[in-house]
Amino acid sequence: MSETWGIAELAAEFGVTTRTIRFYEDKDLIAPERRGQRRVYHLRDKVRLQLIMRGKRLGFSLDEIRAMVDLYDADPTEVSQLRLFLDKLRERKGLLTIQREDIDQVLKEIAAREAQCERLLSEKQTGAKRASN
DNA sequence: CTTCTTACA
DNA sequence: TGTAAGCA
């Protein structure tokens, strides 16, 4: 009764290439069953893939994702992984917040230099007109 | 034709 | 990760 999928099916479902899925396996994020040389994916593998994709969207590294996904497999209560996930989310939010502040600061300086350049340019242009007349 | 491994970019 | 080669 347990439905299984081939690598091509999952790749299509998750919008990635088969190369990507094998890559994640090579990084120990997933470990599909093997029937001979062929890989056979079960529901647990799809769930892990789902978690991997989510982690990727949030900007986590494959190492961080592996740590979180592994806990999902270990502790059934899901408490430890939720705590780790929460920690990672806050850490991620903190980094993004700092980066946004840095970007805002640079944009602010750019605006200032932009205005200065325009002012200087207009002064030189009007000055040139007076000189030619 | 699809999958797998391995190697290189 | 993409691409490509050589197998099964």
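Let's start at Lys 56. A polar side-chain atom of Lys 56 sits 3.3 Å from a phosphate oxygen of DNA strand C. That is a polar contact, meaning a pair of N or O atoms within 3.5 Å; within protein, one must be able to donate a hydrogen and the other to accept it, and residues adjacent in sequence count only if both atoms are side-chain atoms.

A word on the source. This is a predicted model, where local features need pLDDT of at least 70, side-chain atom pairs count only at pLDDT 80 or more, and totals for chains, interfaces and linings use all residues. Residues are numbered from 1 along each chain as its sequence is written, chains are lettered from A and ligands numbered from 1 in the order in which they are written, and side-chain values use heavy atoms, with hydrogens and water left out.

Back to DNA strand C. Which residues surround it? They are Thr 17, Arg 19, Thr 20, Phe 23, Tyr 24 and Lys 56. Near here means that a heavy atom of the residue lies within 4 Å. Of the strand C atoms that come within 4 Å of the protein, 44% belong to sugar and phosphate. Tyr 24 has a polar side-chain atom 3.1 Å from a phosphate oxygen of strand C. Arg 19 reaches a base oxygen instead: an N or O atom of its side chain is 2.9 Å away.

Helix 2 gives the largest share of this surface, four residues. Helices here are DSSP runs of H or I, at least four residues, and strands are runs of E, at least two, numbered from the N terminus.

Now DNA strand B. Around it are Ile 7, Ala 8, Arg 19, Arg 22, Arg 34, Gln 37, Arg 38 and Arg 39. Sugar and phosphate make up 78% of the strand B atoms within 4 Å of the protein. Arg 22 puts a polar side-chain atom 2.7 Å from a phosphate oxygen of strand B. For Arg 34, that distance is 2.8 Å. Helix 1, helix 2 and strand 2 each give two or more residues to this surface.

By class, the surface near strand B has two nonpolar, one polar and five charged residues. Near strand C, the split is two nonpolar, two polar and two charged. Nonpolar covers Ala, Val, Leu, Ile, Met, Phe, Trp, Tyr, Cys and Pro; charged covers Asp, Glu, Lys and Arg; the others, Gly among them, are polar.

Next, helix 2 itself, residues 18-26. Its buried residues are Ile 21, Tyr 24 and Glu 25. Seen down the helix axis, they fall within an arc of 105°, so they line one face. That arc is taken from the directions from the helix axis to the C-beta atoms. Buried means under 20% relative accessible area, exposed over 50%, and partly exposed in between, with a 1.4 Å probe and protein chains only. On the face turned away, Arg 19 and Asp 26 are exposed.

What about the core? The largest nonpolar core has 20 residues, and Leu 10, Ile 21, Tyr 24, Ile 30, Leu 49 and Ile 52 touch the most other members. Such a core is a set of buried Ala, Val, Leu, Ile, Met, Phe, Trp, Tyr and Cys residues joined through side-chain atoms within 4.5 Å. Helices 1, 2, 3 and 4 each give two or more residues to it.

Last stop: Gln 81, in helix 5, residues 79-132. Gln 81 counts as buried, at 7% relative accessibility. Its side chain reaches the backbone oxygen of Leu 71 at 3.4 Å.
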